[in-house]
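Biologist: Could you take me through one helix of this model in close detail, and then follow the trail outward to whatever else deserves a careful look? I would love one connected account.

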Amino acid sequence: MTTVPLSVLDLSPVPAGGVVRDALRNTVDLARRVEQLGYHRYWLAEHHLAAGVASSAPAVLIGQVAAATDTIRVGSGAVQVGHRTALAVVEEFGTLAELYPGRIDLGIGRSGQRRAEAAAETAAPTPAPAVSRVVDGLLLPPPFSFAHLVGSPRFALAGTLLHQPGAQPPPFTEQLADILALLRGDYRDATGLDAHAVPGEGVDLDVWLLGSSGGESARLAGALGLPFAANYHVSPATVLDAVAAYREAFRPSAALARPYVLVSADVVVAPTDEAARRLAAPYGLWVRSIRAGGRAVPFPSPEQVAAQPWSDEERALVADRVDTQFVGAPETVSERLRVLRDATGADELLITTITHGHDDRVGSYELLAKEWFR
């Protein structure tokens, strides 16, 4: 299988001891650097109320990154559409696409659903403990359940602040249909009344769906003939289910004649395996801050982690993410990424790298690119 393109997913991480302003400036700097290195696209994530993540307004950051670069595609990974109306999404990304035609990706993710899904998990019988599997050389750890977060006060507070009082997001399929209709220019309401988004209608942008399982997003992306991004870095246990469901549901469209799959991976590269392990050491503590019911803390330094006690329960809480992080020297990581590419049949890989130091993060992308593209 030939080498596939590499792209970047950025959360604008805030390091311990750092400030948000520098994190945002580092995002723009990294985008300039990876464009020069040959990365194909640069996506900004959407996270809220997290001290360690500054990418809460992806459309704003996309505009800054696109203005600072020349050719790299820039987009969202992903806009959580349950937090806004279809028209607002189309107008935001329509504006970007008018300013930077042919360079903007509208990556869409579900939101407003997780609370109901997690509640259903809580009510369901407890399944038998799962075990790790290795499929075609790719580690698939047991799936992680977010059901324990249902009762978290912070989880409830986020929902309150992200929605207008009393508002309920519409079903994802309906909202996606409205977005696509507004982009095409054929939107009609239930009475037949038309509406036209300005900017937005007829713009030159690509629509993607992102998903972590073989559920609604994967099936919709396939049925609509849209490109699909599968999140190995978020949910490594279910990545093969996600890409299989997408391909099974795929129908050719005006956008795509055949399925197109992008697969994400957490990566840290350094000149040696040992140096990379040191840079990646804070990752587990950072994931623990998310999964313990709070929000992502500022990304710790290796020195902070060395002094941090861990219980067996805490290690188990983050084991799937830590065990599936791609860490090492360039040749080590490249070989593992080829396994991910081959096992999933990925057409493109989306690399997300977080380190405490910005120079180390830039260096990781540089070392990987030199090895991958040589």
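Modeller: Happily! Helix α1 has 18 residues and reaches 26 Å from its first C-alpha to its last, close to the 26 Å expected at 1.5 Å a residue. Please keep in mind that this is a predicted model. The buried residues of α1 are Ala23, Thr27, Val28, Asp29, Leu30, Ala31, Val34 and Glu35. Their cover includes β1, β2, α2 and α14, the last of these running over residues 358-372. Just after α1, Gly38 takes a positive phi of about 100°.

One of those covering elements, α14, holds Arg361. Is this arginine buried or exposed? Arg361 counts as buried, because its relative accessibility is 3%, under the 20% cut-off. Leaving aside neighbours within four places in sequence, Arg361 is in contact with Asp10, Pro13, Asn26, Leu30, Thr353, Ile354 and Thr355. Leu30 is also among the buried residues of α1.

On the other side of α1 in sequence, the loop between β1 (6-10) and α1 (20-37) contains Ser12. Phi of Ser12 is near 50°, a positive value in a residue other than glycine. Ser12 is buried, with a relative accessible area of 0%. Asp136 also has a positive phi of about 50° without being a glycine, and its place is the loop between β6 (133-135) and β7 (138-140). Asp136, however, counts as exposed, because its relative accessibility is 62%, over the 50% cut-off.

While we are on backbone geometry, there are two cis peptide bonds to look at. The bond from Gly77 to Ala78 is cis, with omega near 10°, and Ala78 is in the loop between β3 (73-76) and β4 (79-80). The bond from Val198 to Pro199 is cis too, with omega near -10°, and Pro199 is found in the loop between α6 and β8 (205-211).

The loop between α6 and β8 also holds Ala197, which is buried at a relative accessible area of 2%. Not counting residues up to four places away in sequence, Ala197 touches Leu87 and Val90. Its C-alpha atom is separated by 28 Å from that of Tyr260, 63 residues apart along the chain.

Helix α6 itself (residues 172-184) contains Gln175, a buried residue with a relative accessible area of 4%. What does the side chain of Gln175 meet there? One of its polar atoms lies 2.7 Å from the backbone oxygen of Arg84. Beyond residues up to four places away in sequence, Gln175 touches Val81, Gly82, Arg84, Thr85, Ala86 and Pro170.

Helix α6 turns up again around helix α7: the buried residues of α7 pack against α6, β8, β9 (228-230) and α8 (239-249). Those buried residues of α7 (residues 216-224) are Ser217, Ala218, Leu220, Ala221 and Gly222. Just after α7, Gly225 takes a positive phi of about 70°.

Now for the charged pairs. Side chains of opposite charge can pair when their charged atoms come close. A search of the whole structure finds 19 salt bridges. One of them joins Arg321 and Asp266, with the closest N and O atoms 3.7 Å apart. This pair links distant parts of the chain, as Arg321 is in helix α12 (residues 312-323) and Asp266 is in strand β10 (residues 261-269), 55 residues apart. Arg321 is buried, with a relative accessible area of 12%, and Asp266 is buried at 4% relative accessibility.

Glu303 forms a salt bridge with Arg278, the closest N and O atoms being 2.4 Å apart. Here Glu303 in helix α11 (residues 302-306) is linked to Arg278 in helix α9 (residues 273-280), 25 residues apart. Glu303 is partly exposed, with a relative accessible area of 49%, and Arg278 is partly exposed at 46%.

Arg288 and Glu314 make another salt bridge, with their closest N and O atoms 3.0 Å apart. That pair links Arg288 in helix α10 (residues 283-291) to Glu314 in helix α12, 26 residues apart. Arg288 counts as buried at 13% relative accessibility, whereas Glu314 counts as partly exposed at 27%. Elsewhere, salt bridges that share partners join Arg41, Arg73, Asp105, Asp206 and Glu348 into one network.

Finally, a look at the surface: Leu49, Leu157 and Leu161 make a nonpolar patch of about 300 Å². Leu49 has its place in the loop between β2 (41-44) and α2 (58-68).

Terms used. Residues are numbered from 1 along each chain as its sequence is written. This is a predicted model: local features need pLDDT of at least 70, side-chain atom pairs count only at pLDDT 80 or more; totals for chains, interfaces and linings use all residues. Side-chain values use heavy atoms; hydrogens and water are left out. Helices (H or I, at least four residues) and strands (E, at least two) are DSSP runs, numbered from the N terminus. Buried means under 20% relative accessible area, exposed over 50%, partly exposed in between (1.4 Å probe, protein chains only). A polar contact is a pair of N or O atoms within 3.5 Å; within protein, one must be able to donate a hydrogen and the other to accept it, and residues adjacent in sequence count only if both atoms are side-chain atoms. Contact means heavy atoms within 4.5 Å. Patches are made of residues with over 30% relative accessible area and no salt bridge: like charges are joined within 9 Å, nonpolar side chains (Val, Leu, Ile, Met, Phe, Trp, Tyr) within 5 Å. Accessible areas come from the Shrake-Rupley method with a 1.4 Å probe; for residues, only the protein chains shown count as cover. A salt bridge is a side-chain nitrogen of Lys or Arg within 4 Å of a carboxyl oxygen of Asp or Glu. The expected span of a helix is 1.5 Å times one less than its number of residues.
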